[in-house]
Amino acid sequence: MAPAVPIVKKRTKKFKRHQWDRWNRVPESWRKPRGIDNRVRRRFKGQAAMPKIGYGSDKRTKYLMPNGFRRLLVRNVQDVDLLLMHNKTYAAEISRTVGGRQRVQILERLVHHSSASRMHRSLT
């Protein structure tokens, strides 16, 4: 089920903090520069880009995976029943915190309803 509108990511690179590569004490995670003379904040040519609303995704394709489904995080067997009601839109993704025994139960339930439900990736 491919989406009718093509999925366009306007920017795939992460926005990195100004001068994150200069000192170890400055982490990579984005923070808005607020200095009065800061060249990134003043948008000088050749400087790092700042996040802005124009980089946002199309509302129709936001959160879509390449196969056309959205993710539904499954943490227990009851979440699989929720997936059955929305099987045209969502695909199951088993949470990484789910243990082996419960993971097998979830997979059995998904296989039992395999005609109606989708799985994001094989997690056996």
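Reader: Is R109 buried, exposed or something in between, and what's its relative accessible area?
Author: This is a predicted model, and in it R109 is partly exposed, with a relative accessible area of 28%.

Reader: Okay, and which side chain does R109 meet in a salt bridge?
Author: That's D81, with 2.9 Å from N to O. The pair ties together distant parts of the chain: R109 sits in helix α2 (residues 100-112) and D81 in helix α1, 28 residues apart. D81 is partly exposed too, with a relative accessible area of 30%.

Reader: How many salt bridges does the structure hold?
Author: Three. Another one joins R71 and E93, whose closest N and O atoms are 2.9 Å apart. That pair also links distant parts of the chain, with R71 in strand β1 and E93 in strand β2 (residues 90-94), 22 residues apart.

Reader: Are R71 and E93 buried or exposed?
Author: They differ a bit. R71 counts as partly exposed at 46% relative accessibility, while E93 is buried at 12%, because buried means under 20%.

Reader: And what does R60 pair with?
Author: R60 forms a salt bridge with D58, and the closest N and O atoms are 2.9 Å apart. R60 counts as exposed at 59% relative accessibility, whereas D58, at 29%, is partly exposed.

Reader: Back to helix α1. Which of its residues are buried?
Author: Helix α1 covers residues 77-85, and its buried residues are V77, D79, V80 and L83. They cover an arc of only 145° around the axis, so they end up on the same side of α1.

Reader: Why would residues a few places apart point the same way?
Author: An α-helix has 3.6 residues a turn, so residues three or four places apart point the same way.

Reader: Nice. What's on the face of α1 turned away from the buried side?
Author: You'll find the exposed residues Q78 and M85 there.

Reader: New topic: which residues form the positive surface patch?
Author: K32, R34, R41, R42, R43 and K52. R41 lies in the segment before β1 (70-74) and counts as partly exposed at 30% relative accessibility. R43 is found in the segment before β1 as well, but R43 counts as exposed, at 62%.

Reader: What's up with the phi of R43?
Author: It's near 60°, a positive value in a residue other than glycine. Most residues other than glycine have a negative phi. Y63 has a positive phi as well, about 70°, although Y63 is not a glycine.

Reader: Where is Y63, and is it buried or exposed?
Author: Y63 lies in the segment before β1, and at 64% relative accessibility Y63 counts as exposed.

Terms used: Residues numbered from 1 in each chain as written. Predicted model: local features only at pLDDT ≥ 70, side-chain atom pairs only at ≥ 80, totals over all residues. Heavy atoms only, no water. Patch = residues over 30% accessible without salt bridge, like charges linked within 9 Å, V, L, I, M, F, W, Y side chains within 5 Å. Areas by Shrake-Rupley, 256 points an atom, 1.4 Å probe, with all protein chains shown as cover. Salt bridge = Lys/Arg side-chain N within 4 Å of Asp/Glu carboxyl O. Lys, Arg positive; Asp, Glu negative; His and termini not counted. Charge placed at Lys NZ, Arg CZ, Asp CG, Glu CD. Helix = DSSP H or I, 4+ residues; strand = E, 2+ residues; numbered from the N terminus. Buried < 20%, exposed > 50% of the residue type's maximum accessible area, 1.4 Å probe, protein only. Arc of directions from axis to C-beta.
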